[in-house]
Amino acid sequence: MKDQAGRRRARRLAIGTAVVLALAGMNGPWLYRFGTEQYHQYKINKPGYKAANGHWDIIEFPKEYRQDTIHAALLHTGKVLLVAGSGNNQDNFNAKKFDTRIWDPVKGTIKKVPTPADLFCTGHTQLANGNLLIAGGTRRYEKLKGDVTKAGGLMVVHNENPDKPITLPAGTAFTGKENGKTFVSKDPVLVPRAKKVFDPKTGAFVRNDPGLGRIYVEAKQSGSKYETGTQDNYRVQGLTGADARNTYGIAQKLALDKKDFQGIRDAYEFDPVAERYIKVDPMNEARWYPTLTTLSDGKILSVSGLDDIGQLVPGKNEIFDPKTKKWTYTKTLRQFPTYPALFLMQNGKIFYSGSNAGYGPDNVGREPGIWDVGTNKFTKLPGLGDPNMMETSGTVLLPPAQDEKFMVVGGGGVGESKLSSKKTRLIDLKAKNPRFVDGPELEKGTRYPQSSILPDDTVLVSGGSEDYRGRGASNILQARLYHPDSNSFTQVADPLVGRNYHSGSLLLPDGRVMFFGSDSLYADAANTKPGKFEQRIEIYTPPYLYRGGARPTLSGGPQTIARGASGTFTSQHASRIKKVRLIRPSASTHVTDVDQRSVALDFKTSGDKVTVTVPTDRNLVQSGWYMLFVDDGQGTPSKAQWVKVP
Ligand SMILES: [Cu+2]
């Protein structure tokens, strides 16, 4: 008690001192700022302002529920899955503290969900059965230069024997033929047998192509004297006879430089009804930062990521079959930087906008194009503005999805570059010769812009930062609505919370938009104090919910409508309905959300009924759960009804 009273007194004294200091420093500008802040609060809360600009509200969870949300997905229960894993926090990782929450945006309730692995920087997409497929995550945190004590890196083990594969156990030693230095493997590796190559015309044997295995090796002892300068060929210790001749390693420079994050193979389905993770077959490749995209046949393509030794996956892509729940490699290789923005097109091919989240060499897979996964043909798309600033840009399929127009927003230079782009770029994939053209500019160069499709066919573009991870206090507290019909932006109310790296947004079934995450490198403008992860949620309520007058109602109707089929719903405002939209729920991380899309539906009204028809194209309307919105003549949407397209 005495202690507490003493502390309280001390605090009162401290507050008193602070007030005195503030008063001492008080002058014109301070009073002015106080006054403008009050006026600002008055202004942004006026009904007329909200009806024109919308409104932002911060949501802070009770302390024990807060987490570093890196991933968010809207579930067909109307709740939002928020995944942190270790949340870019090495202490959490070391303590195996992996977090997931389920939040009900209407009731405001929040629940903890046991998290089976470190899903920090996993990939995800909505499945036809209503589950969320989640694959990849974190095996090990990065080690920055200076923290790396043992020289190490990638060893590519070669097997020249066409008759059998060879397994090298963990702890295998490799000695350089030139440099004489010895490195030891951290894990076992299976090296496939060599392939015999024959001349296709004569059938004569030409050569053996060695089987390759990739493994991380490091020096036995600490220190820079064990570093190597350049590429060398390595003898494998402990092998004899033909094995010793057929098996060898090749490594580039093995040094004390930064070691990147390492991925995991684990994959899960998240069941929104049971609210738990269900383990499925692991991927063939470990992946940290993969993109998962639904293909024409309903299978899921998994692309890119850093592998289990922290290297960009060398073009090995794989496909998940939701029926067998197993993964199979695609037949050919194609390499992309991490979290590539890959979208299914109406012709069944994949559109790659060039957006990505920033790991991988700057000359590999950076150019946008159209990819035929079956034949592996890749047709480059010309005209992209600021092509060297595609990292941390955002890509969105503009509404309605039928038009197949995409917008690429902002972005920055490779790695920790200070460059960032003000541009938006537009491309019409239905044009005869599609090419990017510049759209309206943002005021500032913007990395990490969050973009969400709204049911009235506008796109909310918000936040981001001018410099890498908000350096120099460069968060951008601005939001705009993009109007595809007039190709223009209108600025709306400013968000209250800055959001850069590890952030995202998603449309809620009631027409509001939820924002999560942000991971500033520094807490101050001078870049001297470490940043803190942004754990607050923010909700944007668009102008259409402040217009006065009743929003259209929508109720009843079937829960399932097949492609090509119709369903009849009840609306007290049926005669006012001007648009019907089917919106696929978001699954978002690192401002990458390849799931969200808004499909226009044909409809008829009669009395208080509205009958909607789902298009027949499976590439346009992928199987799964959707939010069905009806909009009145002002663009005011109903609340969504959930509809399953089988
Ligand atoms: Cu990340």
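Is Asp-457 buried or exposed? Before settling that, please keep in mind that the structure you are looking at is a predicted model. In this model Asp-457 has a relative accessibility of 11%, so the residue counts as buried, the cut-off being under 20%. Asp-457 sits in the loop between β34 (450-453) and β35 (459-462), and there is a second reason to look at this residue: although Asp-457 is not a glycine, its phi is positive, at about 75 degrees.

That backbone angle is worth a pause. Most residues other than glycine have a negative phi, and most peptide bonds are trans. Ser-518 is another departure from this pattern, with a positive phi near 155 degrees in a residue that is not glycine. You will find Ser-518 in the loop between β39 (513-517) and β40 (537-541), where its relative accessibility of 1% makes it buried. For an unusual peptide bond, turn to the step from Pro-399 to Pro-400, which is cis with omega near -10 degrees. Pro-400 belongs to the loop between β30 (394-397) and β31.

Now step back to the overall layout. The domain assignment divides the chain into domain 1 (52-142 + 260-545), domain 2 (152-251) and domain 3 (566-645). The UniProt record, an unreviewed entry, has annotations to set beside these bounds. It lists "domain: GlxA-like beta barrel" for residues 150-254; over that span the model is 48% strand and 6% helix, and the end C-alpha atoms are 9 Å apart. The unreviewed entry also gives "domain: Galactose oxidase-like Early set" for residues 551-645. Here the model has 46% strand and 0% helix, with 26 Å between the end C-alpha atoms.

How do domain 1 and domain 2 meet? Six residues of domain 1 are in contact with five residues of domain 2, and the area buried between the two is about 530 Å². Carbon and sulfur atoms give 50% of that area. On the domain 1 side, Arg-139, Ile-309 and Gln-311 lose the most area to domain 2, together making up 68% of what that side buries. The centres of the two domains, taken over C-alpha atoms, are 37 Å apart.

Two of those residues also turn up around Gln-262. This glutamine is in strand β19 (residues 262-263) and counts as buried, with a relative accessibility of 4%. Beyond its neighbours within four places in sequence, Gln-262 has contacts that include Arg-139 and Ile-309, along with Gly-137, Trp-288 and Asp-307. For a sense of scale, the C-alpha atom of Gln-262 is 28 Å from that of Gln-596, a residue 334 places away along the chain.

Domain 1 and domain 3 come together in another way. The largest nonpolar core has 34 residues, and Phe-351, Leu-582 and Leu-628 have the most contacts inside it. Elements giving two or more residues to this core are β31 (405-409), β42 (577-584), β46 (609-613), β47 (624-632) and β48 (641-645). Because domain 1 and domain 3 both give residues to the core, it lies between them. Another core, of 33 residues, lies apart from this one; Tyr-49, Trp-56, Phe-629 and Ala-640 are among its members. As a general background, nonpolar side chains tend to be buried together in soluble globular proteins. Looking more closely at Phe-351, and leaving aside neighbours within four places in sequence, you will see contacts with residues including Phe-343, Met-345, Leu-381, Phe-406, Ile-427 and Phe-436.

Finally, which protein atoms are the donors of the copper ion? They are the OH of Tyr-289 and the NE2 atoms of His-502 and His-590, lying 1.9 to 2.0 Å from the ion. Along the chain these donors follow the spacing Y-x212-H-x87-H. Tyr-289 and His-502 link distant parts of the chain, 213 residues apart: Tyr-289 is in the loop between β21 (276-280) and β22 (291-294), and His-502 is in the loop between β37 (488-492) and β38 (503-507). Both loops place their donor out of reach of the probe or nearly so, as Tyr-289 is buried at 0% relative accessible area and His-502 is buried at 1% relative accessibility.

Technical notes: Residues numbered from 1 in each chain as written. Predicted model: local features only at pLDDT ≥ 70, side-chain atom pairs only at ≥ 80, totals over all residues. Heavy atoms only, no water. Core = buried A, V, L, I, M, F, W, Y, C linked by side-chain atoms within 4.5 Å. Buried < 20%, exposed > 50% of the residue type's maximum accessible area, 1.4 Å probe, protein only. Domains from an automatic or database assignment. Contact = heavy atoms within 4.5 Å. Donors = N, O, S within 2.8 Å, 3.2 Å for Na, K, Ca; no water. UniProt positions renumbered as here; feature names shortened; annotations may be inferred. Buried area = accessible area lost by both parts, 1.4 Å probe.
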